[in-house]
Amino acid sequence: MADEAFEPKITAFVCNWCTYAGADLTGTSRLKYQSNIRIIRLPCTGRVDFMLIQKAFARGSDGVIVSGCHPNDCHYTSGNYHARRRWMVFNDLMEFMGLDMRRVTFSWVSAAEGAKWATLVNEVTDHLRELGPYTEYQRLLNAGVA
Amino acid sequence: MSRLGVFVCHCGENIGATVDVTEVAERCKHMPGVAHAEDYKYLCSNPGQNKIKQAIEEHQLDGVVVAACSPRMHEPTFRRAVTDAGLNAYMCEVANLREHCSWVHEKADSTTEKAIDLVRLQVEKVKRNKPLDTIQVPITRSALVIGGGIAGIQAALDIADSGHKVIMVERSPALGGHMAQLSETFPTLDCSQCILTPRMVDVSRHPNITLLTYSEVEHVEGFIGNFKVAIRKRARMVDEDLCTGCGECLQKCPTKNVADSFNEGLSMRRAIYVPFAQAVPNIPVIDTENCRKFQGKKCDRCAKACPTKAIKFDQKDQIINVEVGAIVVATGYQVMGTERFPEYGYGTYPDVITGLQFERYASASGPTQGVIKRPSDGKEPETVVFLACSGSRDAAKGVKYCSKICCMYTAKHAMLLKHKNHHAKAYVFYMDIRSAGKNYDEFVRRAIEEDGVKYIRGRVSRIYEEDGKLIVKGADTLLGGEPVEIKADMVVLASAALPNHGQGELAQKLHVGTDPYGFVAEAHPKLRPVETTSAGIFLAGACQSPRDIPETVGQASAAAAKVTALLSRSHLAREPLVAEVNRKPAPQFSDCTGCLLCETACPYQAIGHEEIKDRNGNVLKTVAKINPGLCQGCGTCVSLCRTKAIDLHGYSNEQIFAEIMSL
């Protein structure tokens, strides 16, 4: 069971053009969400190397969000498709390696979806609260798997 | 060791009310590498920027983190400020304490902690920033204007008058847009065609404008200053060079029962047609869906009638490729049809019409030569009810927004009815009268006071037919909701203005953002109202949101001024945040193994390869090479690279890992 005082640590990798702007819109619309998340701005989800996700877990993140433009809306035409394809491949691989894939959320949030960003962050935070701290990752690290 | 400066902004109360800004600045002082930290009320103001400049000189800072609003807002401002003090612009990063922290969280210690984390993240990043120089890219000095309504016409003329080439693409066979359909314009009641058609002719005659009607944008690639656009010029089946516009063919066409879209379906046209008599260009189009020839029947009457043999049944669509430096989107709007209103009969009552249809009846060039008649029996209506806000300001069944133009054109319609038929009775049901604008309110007062139009404040719940009349049932809310029933001959819906059909697809082709309703989004609602979210693409007119003619023309001129300013330069400075393949001393030369996986992944064809040769010209190694002029800095190649030979300036692996490790 999750500890009552447990505050999950969430790292988000978002693209500059859609989700970062969408999260800006959440702010401009003054919609509230839980403050556990830390956003790292990237140009595009195509830039998200899966090493970044592993690094975030290694650094003690309990969850990771990757979010970018909707399919067809990528500022760079196709970066998000590359991200999606890489996601499909790595999802299986990381699961095989023993990573808890419930802790990685892949989403599309456009620059107009400020409300969706707030909902997404709250849902992920609540979900991670239920899952509890990701202590298992250290065991994987020690075993040399991750 | 770096000497960084951290500047934390209160943004008035915007950050200061939820985040303990002084605490953030205090804690930043102790971060490794930070030589100076302070807070200030408004960092973006002149004194605020001066504070940053002074601190850079005083403390000999080699990097700056500004903790303020979103970098999408003021990153350029602060980058300029640090350059004034002699720092490289890219040695400045912005931590987003407003949109991503103070505005979305409640006042709490955890919010301040998050703010400190966000600053630390940028501090760790900026330590690893490298000075970068802007990239100079040549600009193609011509513009594309999409849409040939009044917005597009004004923008095209302004750009062309300043000496730049313009390519104008219009989807329909003729210029003019909705303005060509209007009868008279508020608040002066001058005839729409009289002020519009000369400008249409100006466009067609302008030496700097290439006009492509019956054409659509097929594909767009490239970026500001360097767009490559493929335009589909649809087959008119009429040779534009041979046609003299004599109109002989129009008379001979045996198909006479096609709904005339220019007249909003109120009259019939032939299968070969010119949308309206004053059309520019005055060249007919064969509507292949209705033409007998294209339905497999034997008919070539138009071709026989043509004195110059201009009819070409075998004409094919043409793809025209153009290169432009800027694009203006001026695609306009459409109105919500009567079929969208169940309480007004789902479009089944012919005498319930839209405002645009009323315009055609009231227009001297319309189906009745300006006599207001009703569609069902062609009689002149005695009692006409106008319903403002049909679909607008109706979150449940229509759209949430105000369509802005309806209050004014409804007053105009009622006035025109009274002017043309003095005995007629005009009723207007309204929610509020929104008549802000020069001479606008006076115009509405004139309709009420001089022309005797009856304004009833309230909504209509239902319309049904009885004994050849339309019974309009509503309530007068100024009389405490007393029921009102009017036996009308015709009902005119001031129906909501919607984004034009095909707007979404076009926005995708252009990579411009749209708002939740589907209108083109502006880059900033107040400060950048004619720019889209994509650099080099501008907007004008009702494609952004409903607006009237004066506002549209003003906005089109503004967009044209932006385009002209862009095209007046020969080169454009571009952000140097591009990818680069690393180089190493021989014998390795580079981590790149030449697999060229990146080449196929690059959406901009920015990656090619180069051969590294020895002095005898023998190829030692083939490695990827990125063209910094074409690279847009998405970083797809970076995460794809198997040997980590590619890195992205501004978002390097080192920087991002440092950001992650700071948390």
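In this predicted model, A:Arg38 and B:Asp117 reach across to each other through their side chains and form a salt bridge, with N and O 2.7 Å apart. That pair is a handy way into the contact between the two chains. Across the interface of chain A and chain B, the rule picks out four salt bridges, along with 21 residue pairs in polar contact, both partners being at pLDDT 80 or more. On the chain A side, at least two residues each come from β1 (10-15), α1 (19-28), β2, α2 (50-58) and α3 (79-97). The top contributor there is α1(A), which puts in seven residues. Sorted by class, the side of chain A that touches chain B comes out at 20 nonpolar, 14 polar and twelve charged residues.

As for the extent of the interface, 46 residues of chain A touch 44 residues of chain B. The two chains bury about 4,000 Å² between them, and carbon and sulfur atoms account for 57% of that area. Within chain A, the residues that lose the most area to chain B are A:Arg38, A:Arg41 and A:Arg47, which together make up 18% of what that side buries. A:Arg38 thus turns up twice, once in this trio and once as the partner of B:Asp117 in the salt bridge.

Next come the internal voids. Rolling a probe the size of a water molecule over the atoms shows where empty space is left. Eight cavities of 30 Å³ or more are found in the structure, and the largest of them has a volume of about 160 Å³. Its lining counts 16 residues, and those closest to the centre are A:Tyr20, A:Ile39, B:Asn96, B:Leu121 and B:Gln122. Both chains have a hand in this lining: β2 (37-42) of chain A, and β4 (92-96) and α5 (109-127) of chain B, each supply at least two residues. The largest share, five residues, belongs to α5(B). In terms of chemistry, the lining of the largest cavity splits into eight nonpolar, three polar and five charged residues.

The second largest cavity has a volume of about 100 Å³. Here 15 residues form the lining, and the ones closest to the centre are B:Cys595, B:Cys598, B:Cys641, B:Arg642 and B:Thr643. Two helices of chain B, α15 (597-601) and α16 (636-640), each provide at least two of the lining residues. The class breakdown for the second largest cavity is eleven nonpolar, three polar and one charged.

Back to charge pairing, now over the whole model. Side chains of opposite charge can pair when their charged atoms come close. Counting over all chains gives 47 salt bridges. One of them, inside chain B, pairs B:Arg79 with B:Glu93, whose closest N and O atoms are 3.6 Å apart. This pair links distant parts of the chain, as B:Arg79 belongs to helix α3 (residues 71-84) of chain B and B:Glu93 to strand β4 of chain B, 14 residues apart. Strand β4 of chain B is also one of the elements that supply the lining of the largest cavity.

A few backbone oddities round things off. Most residues other than glycine have a negative phi, and most peptide bonds are trans. Chain B has some exceptions on both counts. The peptide bond between B:Phe186 and B:Pro187 is cis, with omega at about -5 degrees, and B:Pro187 sits in the loop between β8 (184-185) and β9 (190-191) of chain B. Another cis peptide bond joins B:Ala586 to B:Pro587, this time with omega at about 5 degrees. B:Pro587 lies in the loop that runs between β31 (579-581) and α15 of chain B, and α15 is one of the helices that help line the second largest cavity. For phi, the case to look at is B:Tyr214, which is not a glycine yet has a positive value of about 55 degrees. The loop between β10 (209-212) and β11 (215-223) of chain B is where B:Tyr214 is found.

How values were computed: Residues are numbered from 1 along each chain as its sequence is written. Chains are lettered from A and ligands numbered from 1 in the order in which they are written. This is a predicted model: local features need pLDDT of at least 70, side-chain atom pairs count only at pLDDT 80 or more; totals for chains, interfaces and linings use all residues. Side-chain values use heavy atoms; hydrogens and water are left out. On a 1 Å grid over the protein atoms alone, a cavity is a set of points where a 1.4 Å probe fits but cannot get out, and a pocket is an open set with protein on both sides within 12 Å along at least five of seven lines; lining residues have an atom within 4 Å of a point. Grid points are joined across faces, edges and corners, and a volume is the space filled by probe spheres set on the points. Helices (H or I, at least four residues) and strands (E, at least two) are DSSP runs, numbered from the N terminus. Ala, Val, Leu, Ile, Met, Phe, Trp, Tyr, Cys and Pro count as nonpolar, Asp, Glu, Lys and Arg as charged, and the others, Gly among them, as polar. Contact means heavy atoms within 4.5 Å. Buried area is the accessible area (1.4 Å probe) that two parts lose on being put together, summed over both. A polar contact is a pair of N or O atoms within 3.5 Å; within protein, one must be able to donate a hydrogen and the other to accept it, and residues adjacent in sequence count only if both atoms are side-chain atoms.
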